[in-house]
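The following exercises are to be worked with the sequence and the coordinates at hand. Each task is followed by a stepwise solution.

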Amino acid sequence: MPEVIKIEGGHRLNGEVTISGSKNATVALIPAAVLANGPVTIVGVPEIADVRNLAEILKILNVQVDQPHADHLIIDPTHMQNVDLLDDAVTKLRASYYFMGALLGKYHHVRMKMPGGCYLGPRPIDLHLKGFEALGATVKYEKGCFEIDADELVGDKIFLDISSVGATINIMMAAVYAKGRTTIENAAREPEIIDVATLLNKMGAHIRGAGTNVITIDGVTSLSGCFHEIIPDRIEAGTYIIIAAAMAEKMKINNVIPHHLEALLLKLEEMGVDMDVTVDSITVRHSDHLKGTDITTRPYPGFATDLQQPLTSLMTQAEGDSHVEETIYVERFKHCEQLCRMGANIDVHQGEAVIHGPTPLYGTKVAATDLRCGAAMVVAGLLAEGTTTISNIYHIDRGYDHIDDKLNAMGAKVWREKVADDEED
């Protein structure tokens, strides 16, 4: 039987929450670990469904996976076998595509199903494939499977038409064993890329420029195991900061890197949110009157597309009109339909939305149509009068570690119930 999350709205939050390790870094670090020839220990691993699915893929590859503590993973590829990745686990998350770069780099051959994940409109992986081809690989796509082969991989200059995080990381992983130098131009600059490059360099790779728009990789012949601690999850942190702005009396968010959240913090200041920012924490206090604002999503260090959905829920409580322009995934507005079910007044056009506020929200049945829509529904449920029932919560569990426990510890009323299949819709 499927589960739903129920939220009794209207309860003010007080207390502290500690942010988990970065989901978007973790889902790349785990595939990157197989490039080593010995055990890799990763600390700060969030307890999310994507990690469990990646661990399943590792086991298919005969990689030993141990978890001595909830947030520790020891990945040992000593006896790894490069088998075809045709299991359903591959289709459960988008980030399974990182095994393309890792296996191509290590074995010069990979065959796997098309990766899955949230549907946010077209999300082609052609930039990844063009990068592999530039390094000397051939790519075939037949019967829902990619087959990528290379006699050898040779470094080259690669220009990305779009500064894609996934393509930057995937090409970086394929290039660490390539002969000579690979240069990725117009590379994405997200903190998660720096984290993956840091892991690979600890293993013995020669990567420079991560965090800038030009990354150089000088190929090596061997990589060893290492120890690595994941950076905090800036999207989870941003979500809890938005939750605090919506419903906290006083709430402290620990284990954050404020520099990674500058775009969000500036917009919340514009809205009138009362915050104290320190080196590794942010404290938010209740603000009576929030003002509408405008955001345009951009690649890092611009406003994160993953935070526009939860912020939209907060915007329903702000005075005046707020405007959201989505430049990364132009179809990323399914949460607006769900918010309107709860009483929001939102006009959606191609690639943009106008939120007319403030409007009271009322609990009802809504769906998490994707991961960050699920976060938006949690924010809305906390704000709403009455009880909100969120279905398709597997999306939320893909990216948020124990979200109900963390909220309840601060005074929210959030619980899970099993429902019949026909009740979930």
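**Exercise 1. Cis peptide bonds**

In which loop is Pro 358 found?

Solution. The model is a predicted one.
- Step 1: Pro 358 is found in the loop that runs between strand 20 (352-357) and strand 21 (365-367).
- Step 2: The peptide bond joining Gly 357 and Pro 358 is cis, with omega about -5°.
- Step 3: A cis peptide bond also joins Tyr 300 and Pro 301, with omega about 10°.
- Step 4: Pro 301 lies in the loop between strand 17 (294-296) and helix 9.

**Exercise 2. Helix 7 against helix 9**

Determine how the axes of helix 7 and helix 9 are arranged, and list the residues through which the two helices meet.

Solution. Two packed helices are described by the angle between their axes and by the distance between the axes.
- Step 1: The axes of helix 7 (residues 234-247) and helix 9 come within 10 Å and cross at roughly 5°.
- Step 2: Angles under 35 degrees count as roughly parallel, and helix 7 and helix 9 are therefore roughly parallel to each other.
- Step 3: On the helix 7 side, the residues are Ile 235, Gly 238, Thr 239, Ile 242, Ala 245 and Ala 246. On the helix 9 side, they are Asp 306, Leu 307, Pro 310, Leu 311 and Leu 314.
- Step 4: Sorted by class, this contact of helix 7 with helix 9 has 8 nonpolar, 2 polar and 1 charged residues.
- Step 5: An α-helix has 3.6 residues a turn, so residues three or four places apart point the same way.

**Exercise 3. Burial of helix 9 and the place of Asp 306**

How many residues of helix 9 are buried, and what does Asp 306 touch?

Solution.
- Step 1: In helix 9, 11 of its 11 residues are buried, and the helix is mostly covered. Among them are Thr 305, Gln 308, Gln 309 and Met 315.
- Step 2: Asp 306 is found in helix 9 (residues 305-315). Its relative accessible area is 14%; the cut-off for buried is under 20%, so Asp 306 is buried.
- Step 3: Leaving out residues up to four places away in sequence, Asp 306 touches Asn 24, Ile 235, Arg 332 and Arg 372.
- Step 4: An unreviewed UniProt entry lists Asp 306 under "binding site", and Arg 94 is in the list too.
- Step 5: Arg 94 is found in the loop between strand 5 (72-76) and helix 3 (98-107), and counts as buried at 13% relative accessibility.

**Exercise 4. Helix 1 against helix 2**

At roughly what angle do the axes of helix 1 and helix 2 cross?

Solution.
- Step 1: The axes of helix 1 (residues 23-33) and helix 2 (residues 49-60) cross at roughly 5° and come within 10 Å.
- Step 2: Helix 1 and helix 2 are therefore roughly parallel to each other.
- Step 3: Helix 1 contributes Lys 23, Thr 26, Val 27, Ile 30 and Pro 31, which meet Asp 50, Val 51, Leu 54 and Leu 58 of helix 2.
- Step 4: The residues of this contact of helix 1 with helix 2 divide into 6 nonpolar, 1 polar and 2 charged.

**Exercise 5. Aromatic pairs**

How many aromatic pairs does a search of the whole structure find?

Solution.
- Step 1: The search finds 2 aromatic pairs.
- Step 2: Tyr 97 and Tyr 98 form an edge-to-face pair, 4.9 Å centre to centre with 85° between the planes. Both Tyr 97 and Tyr 98 are buried.
- Step 3: The ring centres of Tyr 141 and Phe 146 are 4.6 Å apart and their planes lie at 45°, so this pair is tilted.
- Step 4: Tyr 141 counts as partly exposed at 48% relative accessibility, whereas Phe 146 is buried at 7%.

**Exercise 6. Positive phi**

Locate Asn 62 and Asn 255, and state the phi of each.

Solution.
- Step 1: Asn 62 has a phi near 60°, a positive value in a residue other than glycine. Asn 62 lies in the loop between helix 2 and strand 4 (64-66).
- Step 2: Asn 255, not a glycine either, has a positive phi of about 60°. Asn 255 is found in the loop between strand 14 (248-254) and helix 8 (262-271).
- Step 3: Asn 62 is partly exposed, with a relative accessible area of 35%. Asn 255 counts as partly exposed at 35% relative accessibility.

Definitions and conventions:
Residues numbered from 1 in each chain as written. Predicted model: local features only at pLDDT ≥ 70, side-chain atom pairs only at ≥ 80, totals over all residues. Heavy atoms only, no water. Phe/Tyr/Trp six-rings, centres within 6.5 Å; stacked < 30°, edge-to-face > 60°. Buried < 20%, exposed > 50% of the residue type's maximum accessible area, 1.4 Å probe, protein only. UniProt positions renumbered as here; feature names shortened; annotations may be inferred. Helix = DSSP H or I, 4+ residues; strand = E, 2+ residues; numbered from the N terminus. Contact = heavy atoms within 4.5 Å. Axes fitted to C-alpha atoms, helices over the stretch in contact; angles between N-to-C directions. Parallel < 35°, antiparallel > 145°, perpendicular 65-115°, else oblique. Nonpolar A, V, L, I, M, F, W, Y, C, P; charged D, E, K, R; others polar.
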